[in-house]
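Please walk through this structure with the text below, which starts from the core and works outwards. It may help to keep the sequence and the 3D view side by side while reading.

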Amino acid sequence: MRVKVLSNLTLPSVTITSPSSGAILTSGIVSNILWSPSGVGYDKYQIVVGNTVINTERQLYDRVSTIDTLLASYTSFPWNVPNLLTDFTSGTAYTPDQIKNSFYLQIKMIKNDSAGGGIIALSNKVPFSVSN
């Protein structure tokens, strides 16, 4: 059996470039989420917002494409920041003050295949605070 080694293979990766780490986002104001992808071989990406205190993530956006170059051209998302403090504390014992400084954004790059696919690259988690 012969095995061909691909030495120039570039695995997909993604880095969030905006908002910056430690930013304060205000409910009701549009904040542009910007990222820089590299590599190929992914079919879609998801943008998620999470909170480390409550240990919860919610999907903001899901983009699918069968053409890598087209998908790679999507590098921004205008996010009208909702009232995350109310959204994330509803139905919990947490107060807005307990969670307001514990949010993050992350981008997940996903490959679909016959086995169901999965996450093949994760961006850095960019922490941010929320102000109403």
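**From the core outwards**

In this predicted model, the largest nonpolar core has 26 residues, and those that touch the most other members are Trp35, Val49, Trp79, Leu84, Phe103 and Phe128. At least two residues of this core come from each of β1 (13–18), β2 (23–26), β3 (30–38), β4 (44–51), β6 (76–80), α2, β7 and β9, and the largest share, 4 residues, is supplied by β7. Leucine 84 can serve as an entry point, since, leaving aside its neighbours within four places in sequence, leucine 84 is in contact with Ser27, Val49, Trp79, Phe103, Phe128 and Val130.

Aromatic rings come next. A search of the whole structure finds 6 aromatic pairs, and one of them joins phenylalanine 88 and phenylalanine 103 in an edge-to-face arrangement, with 5.2 Å from centre to centre and 90 degrees between the planes. Because phenylalanine 88 lies in helix α2 (residues 84–89) and phenylalanine 103 in strand β7, this pair ties together parts that are 15 residues apart in sequence. Phenylalanine 88 counts as buried at 3% relative accessibility, and phenylalanine 103 is buried too, with a relative accessible area of 1%. Phenylalanine 103 also forms an aromatic pair with phenylalanine 128, and this one is stacked, the centres being 5.7 Å apart and the planes 25 degrees from each other. Here the partners sit in strand β7 and in strand β9 (residues 126–131), so the pair ties together parts that are 25 residues apart in sequence. Phenylalanine 128, in turn, is buried, with a relative accessible area of 2%. Elsewhere among the aromatic residues, Trp35, Tyr45, Tyr61 and Phe77 form one cluster.

Charged side chains meet some of the rings as well. Arginine 58 lies over the face of phenylalanine 88, at 4.2 Å from the ring centre, while the charged end of lysine 125 sits over the ring of tyrosine 104, 4.5 Å from its centre.

What does β4 look like in terms of burial? Of its 8 residues, 8 are buried, so β4 is largely enclosed by the rest of the structure. Lys44, Gln46, Val48 and Gly50 point one way from the strand, whereas Tyr45, Ile47, Val49 and Asn51 point the other way, and all are buried. β4 runs antiparallel to β7, and 8 bridges join the two; within this pairing, valine 49 has leucine 105 of β7 as its bridge partner.

Just before β7 in the chain comes a loop residue, serine 102, found between α3 (96–99) and β7 (103–111). Serine 102 counts as buried, because its relative accessibility is 14% and the limit for that class is under 20%. Not counting residues up to four places away in sequence, serine 102 touches Gly50, Asn51, Thr52, Val53 and Phe128.

Finally, is proline 78 buried or exposed? Proline 78 has its place in strand β6, and with a relative accessible area of 53% it is exposed. Not counting residues up to four places away in sequence, proline 78 touches Val30, Ser31 and Asn32. Between proline 78 and leucine 34 there are 8.7 Å in space, C-alpha to C-alpha, although the two are 44 residues apart in sequence.

Terms used. Residues numbered from 1 in each chain as written. Predicted model: local features only at pLDDT ≥ 70, side-chain atom pairs only at ≥ 80, totals over all residues. Heavy atoms only, no water. Buried < 20%, exposed > 50% of the residue type's maximum accessible area, 1.4 Å probe, protein only. Contact = heavy atoms within 4.5 Å. Phe/Tyr/Trp six-rings, centres within 6.5 Å; stacked < 30°, edge-to-face > 60°. Lys NZ or Arg CZ within 6 Å of the ring centre and 35° of its normal. Core = buried A, V, L, I, M, F, W, Y, C linked by side-chain atoms within 4.5 Å. Pairing = 2+ DSSP bridges.
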